[in-house]
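Colleague: Could you take me through this model, one topic at a time? Please begin with the terms you rely on.

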Amino acid sequence: MGRPEIAVLTGIVLVGFLPPFVSDYVERVVALALMLTSLALAQNILLGYTGYPAFGCIAFFGVGGYTTAVLMKELNLQFPLALTVGTVSSGFLALLIAVPLMRLKSHYFAITTLALQLALGELVANLELTGGVQGINLPIYRGPGGYLIFFYMLWVVAIVSFLLNAYIERSTFGYALKAIREDETAAETLGVNTVLFKAISFTLMALITGCVGGIYAYWITYIDPTSMFDPLLSVKVFVALLIGGVGTVGGPVVGAFLLEVLSEVLWGQFPKVHGLILGLLIVLTVLIIPKGMWRRR
Amino acid sequence: MSLLVVEGVSKSFGGNRVLKEVSFSLKEGEILGIVGPNGSGKTTLLNILSGIVKQDKGSVIFMGKPVDRLRPYARARMGIGRTFQITRLFTNLSVLENVLIPLHYGGGDADPGRAEELLSMVGLLEMKDRKAGSLSLAQRKRLELARALSVNPRLLLLDEVFAGLNPVSIREILDLLKEIHSLTGVAMILVEHVLKALFQITRRVIVLSEGRIIYEGEPEGMARSEEVIKAYLGERYASGGK
């Protein structure tokens with residue numbers, strides 16, 4: 001890990017000491033930024049290192065969230081166990097579909113994952129088990145630490161996601177992913193089992209995304225298909241990644257925090273036109289620094 | 001025992017029959033040239049041998065084992081290395097990383113010392129930290145060679161390795177191939193259009209035309225084959241005009 005990456009990691013760690021000194025509102029914004037950080041870092045494994053843009057990555061957020069919620073509601077499972085099953089379910093689904101899905105490339109792959117996200121959203125909206133369009137209400141968490149527990153869970157997931165990205169950046173495993181990103185055919189002829197590594201990359205992305213979905217579901221206590229399979233959240237993940245720098249370790253963190261904080265500030269200052277201003281800022285950022293704020297090594 | 005046996009390999013893309021019952025074999029350490037007009041199926045044949053494309057009919061036997069069901073990565077690990085007509089480097093990675101990846105996954109050991117040794121052999125050691133995308137064409141070809149050697153090949157498939165190079169670079173690559181052959185004894189199949197260079201390294205040539213072998217033998221014999229003259233060389237070459 002280089003100095004800039006260590007600085008970013010230190011930043012994320014220090015964020016964990018914020019709650020006693022800030023308001024509940026700021027704490028919530030930071031928690032959302034941590035959530036977006038994890039989602040962007042998860043997507044970075046797939047897009048940044050492997051070169052596959054899962055535009056419908058939030059499908060796994062929904063699967064993780066809904067599995068956790070259904071298990072808690074229907075089987076009265078404890079949250080840690082339900083979250084574990086929810087996370088593993090997301091990963092398992094990814095592993096199951098990775099091989100056929102990742103025969104597709106670039107925009108074909110992106111659109112297919114988006115279709116998966118929308119299809120799963122529709123499925124959940126029509127199942128009785130998942131509460132249909134009315135969604136699921138979960139009991140309010142009253143255990144030790146209160147709502148701060150969700151902040152710290154998101155904090156831990158963000159740190160783990162960051163460390164995983166840092167490992168990929170420097171490891172031989174990461175080399176395999178980068179080789180696939182650079183030229184899949186060449187990688188295969190040089191001994192890289194591309195099918196295996198693509199499946200691992202896709203599964204890692206789904207595991208992180210599903211875990212975040214599970215935490216979010218219990219944090220919010222109410223989930224419905226619209227919020228858990230929201231295409232706009234997919235867009236937000238990609239924007240954070242593009243602003244920060246695709247295929248870098250620090251970029252997704254910087255992009256996620258910048259986007260979340262900027263979005264909140266604009267919403268507070270210009271409630272009627274904040275979306276318009278944010279959109280313009282994003283367009284300008286991408287035009288001025290197309291490769292993101294954090295340059296690839 | 002032959003290192004490579006190709007038996008009755010055929011391949012069609014849609015209605016276009018690209019290879020028709022192609023058969024030949026290659027001995028350990030032998031260098032074979034494959035020539036022929038554009039679209040005669042040369043690159044498709046290399047793609048079949050390296051596993052990128054699956055043949056419709058026939059089989060490929062490497063070191064006594066059929067490899068038809070093996071994917072390219074498994075064939076690379078068995079010792080089939082290749083380069084591409086248009087270089088396919090990992091352009092955003094460093095020159096060293098380009099060699100370390102196949103060393104680890106194809107050759108079984110990502111030893112930086114071995115990587116540097118290979119880069120030194122192809123004359124790129126001083127550029128090891130540069131991005132592969134910043135190299136000149138001749139340097140890219142050299143790096144592809146180093147990369148192909150990283151899988152510890154018993155067979156090297158070289159697709160138009162001299163294409164686009166100036167005479168000096170052709171000479172350098174030719175010398176490099178000779179050096180690699182004398183040091184490692186690796187067998188080579190060169191798909192090539194630069195016949196002058198090719199004939200300096202091989203004593204056996206196959207001529208493909210419209211997907212079938214129309215000549216197999218010594219390079220000198222090509223100019224005596226009516227079919228080869230008609231399909232590939234042309235009258236001027238055959239009469240010594242080229």
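Modeller: Two residues are in contact if their C-beta atoms, placed from the backbone, lie within 7 Å. Helices (H or I, at least four residues) and strands (E, at least two) are DSSP runs, numbered from the N terminus. This is a predicted model, in which local features need pLDDT of at least 70 and side-chain atom pairs count only at pLDDT 80 or more, while totals for chains, interfaces and linings use all residues. Residues are numbered from 1 along each chain as its sequence is written, and chains are lettered from A and ligands numbered from 1 in the order in which they are written.

Colleague: Which residues of α12(A) meet α13(A)?

Modeller: On the α12(A) side they are Leu262(A), Ser263(A), Leu266(A) and Trp267(A), and they meet His274(A), Ile277(A), Leu278(A) and Leu281(A) of α13(A). This contact divides into 6 nonpolar, 2 polar and no charged residues. Here Ala, Val, Leu, Ile, Met, Phe, Trp, Tyr, Cys and Pro count as nonpolar, Asp, Glu, Lys and Arg as charged, and the others, Gly among them, as polar.

Colleague: At what angle do the axes of α12(A) and α13(A) cross?

Modeller: The axes of α12(A), residues 251–269, and α13(A) cross at roughly 145° and come within 9 Å. Axes are lines fitted to C-alpha atoms, for helices over the stretch in contact, and angles run from 0 to 180 degrees between N-to-C directions. The crossing of α12(A) and α13(A) is right-handed; a crossing is left-handed if the near helix is turned anticlockwise from the far one by less than a right angle, and right-handed if clockwise.

Colleague: How many residues of α13(A) are buried?

Modeller: The number is 0 of 15, so α13(A) lies largely in the open. A residue is buried if 20 or more other C-beta atoms lie within 10 Å of its own, exposed if 12 or fewer, and partly exposed in between, with C-beta atoms placed from the backbone. As for length, the end C-alpha atoms of α13(A), residues 274–288, are 21 Å apart, which agrees with the 21 Å that its 15 residues should span at 1.5 Å a residue. The expected span is 1.5 Å times one less than the number of residues.

Colleague: And α1(B), how many of its residues are buried?

Modeller: In α1(B), residues 42–50, 9 of 9 residues are buried, and the helix is mostly covered. Among them are Lys42(B), Leu45(B), Asn47(B) and Ile48(B). Just after α1(B) comes Gly51(B), with a positive phi of about 95°.

Colleague: Which residues other than glycine have a positive phi?

Modeller: Thr221(A) is one of them, with phi near 65°, and Glu21(B) is another, at about 50°. Most residues other than glycine have a negative phi. Thr221(A) sits in the loop between α9 (194–220) and β2 (222–223) of chain A, whereas Glu21(B) belongs to strand β2 (residues 16–26) of chain B. Thr221(A) is partly exposed, with 13 other C-beta atoms within 10 Å. Glu21(B) is also partly exposed, with 13 such atoms within 10 Å.

Colleague: Changing topic, is Phe109(A) buried or exposed?

Modeller: Phe109(A) is buried, since 22 other C-beta atoms lie within 10 Å. This residue is in helix α5 (residues 106–125) of chain A. Leaving aside neighbours within four places in sequence, Phe109(A) contacts Tyr52(A), Pro53(A), Leu101(A), Met102(A) and Leu104(A). Tyr52(A) is 57 residues from Phe109(A) in sequence, and their C-alpha atoms are 7.2 Å apart.

Colleague: What does each chain give to the contact between chain A and chain B?

Modeller: Chain A gives 17 residues and chain B gives 23 residues. On the side of chain A, α7 (172–182) and α8 (184–189) are the elements that give two or more residues. α7(A) gives the most, with 6 residues. That side of chain A divides into 6 nonpolar, 6 polar and 5 charged residues.

Colleague: Finally, how many helices and strands are in each chain?

Modeller: Chain A has 13 helices and 2 strands. Its radius of gyration is 19 Å, close to the 19 Å of the globule rule for 297 residues, so chain A is as compact as a globular protein of that length. The radius is taken over C-alpha atoms, and the rule is 2.2 Å times the number of residues to the power 0.38. Chain B has 9 helices and 10 strands. Buried residues make up 51% of the 297 residues in chain A and 46% of the 242 in chain B.
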